[in-house]
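Student: I would like a close look at one single part of this protein, followed by how that part fits into the rest.

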Amino acid sequence: NVSRLRSSSVEIREKGSEFLKEELHKAQKELKLKDKECERLSKVREQLEQELEELTASLFEEAHKMVREANTKQAASEKQLREARGKIDMLQAEVTALKTLVITSTPSSPNRELHPQLQSPSKAVFRKGHGRNKSTSSAMVSAANQNVTPEPVSHECREVDSILFAEFRAWKESPTLDKSCSFLDRIYREDVGPCLDFTKQELSELVRVAVEQNTLTIEPVASQTLPVVKVSAGECGGPKKCALSGLPRTCKHRIMLGDSGNYYYISPSCRARITAVCNFFTYIRYIQQGLVRQDVELMYWEVMRLRREMSLAKLGFYPSEM
């Protein structure tokens, strides 16, 4: 019995050993297959990572290229915008200058100051005599001497007012059309307001706003059409009645406020007052736009000259050609 038990135990051990060897062999085969699969998957992963890196690099490069192109286009657009704004400023200045010429000088009533060639010689009064008749010529000369006293050449003296000059210099540092600043506030109170203060208050206010906004137009009425002009519903006053003063006056010009299409006939005196204010605003707009390249004191005296023109106009003085 003992021997049988020993032999069966040996058989069991041998069979168990063989079984374990077979299982170990199978496990080794499976492990080799798994190693090969891991190696294959590792290669696939490396390939995918490499492709991903290449794709990411190409995307970044494309993005940088698009950003560079966008920056280049933006710089070019900004440059074109600056050039366009400069051209617009120049065109606006030219338009403003042309408007000034239209307002202050027309074919039927040219501005003598803007066109010196139209100035009459100082001795034109003596040319009216008939040259062939000596006695007539002498009579004309004597009559002229009696009626026209030659004025001596006067050299105007002037002195800078410290308060006015300080206000102008402060405004010149930061020019603006805001009438709340001390410089323009004084001129509005002392010159612009009284100069544009007409009998017809409502129309006067519209004229003041149009002058401030640079939308007022003055055009002459041809003399040959004056007797036959028919006043339409859009026109106020007439060739023989001033729309601003309401007085019977011969009106050689009419104004239009903005693009309204409504015309108002104005007398020479009213035209002189309006043009004096327009000349002032045109000059300070030139200063604001940086178009005036002069010394501060010279600009100050030009402003004072324009203020004097407004003062004379509001008192009723105007050139005879108006």
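Student: Which side-chain oxygen reaches to the backbone nitrogen of E297 at the start of α7?

Tutor: In this predicted model, a side-chain oxygen of D295 comes to within 3.1 Å of the backbone nitrogen of E297, at the start of α7. From there α7 runs through residues 296-314, and its 19 residues reach 27 Å from the first C-alpha to the last, close to the 27 Å expected at 1.5 Å a residue. Just after α7, G316 takes a positive phi of about 105°.

The buried residues of α7 are M299, Y300, W301, V303, M304, L306, R307, M310 and A313. An α-helix has 3.6 residues a turn, so residues three or four places apart point the same way. The buried residues of α7 pack against α3, α4 and α6, and α7 is also among the elements that give two or more residues to the largest nonpolar core, together with others including α3, α4 and α6.

That core has 48 residues, and those with the most contacts inside it are V192, V207, L216, L244, I255, I274 and F280. The element that gives the most to this core is α6, with 11 residues. Leaving aside neighbours within four places in sequence, I274 is in contact with L196, F198, V207, V211, L216, I218, L244, I255 and I266. As for the wider setting, the protein has seven helices and four strands, which follow the pattern α-α-α-α-α-β-β-β-β-α-α along the sequence, and buried residues make up 27% of its 322 residues.

Note on methods
Residues numbered from 1 in each chain as written. Predicted model: local features only at pLDDT ≥ 70, side-chain atom pairs only at ≥ 80, totals over all residues. Heavy atoms only, no water. Core = buried A, V, L, I, M, F, W, Y, C linked by side-chain atoms within 4.5 Å. Buried < 20%, exposed > 50% of the residue type's maximum accessible area, 1.4 Å probe, protein only. Contact = heavy atoms within 4.5 Å. Expected span 1.5 Å × (residues − 1). Polar contact = N/O pair within 3.5 Å; in protein donor to acceptor, adjacent residues only side chain to side chain.
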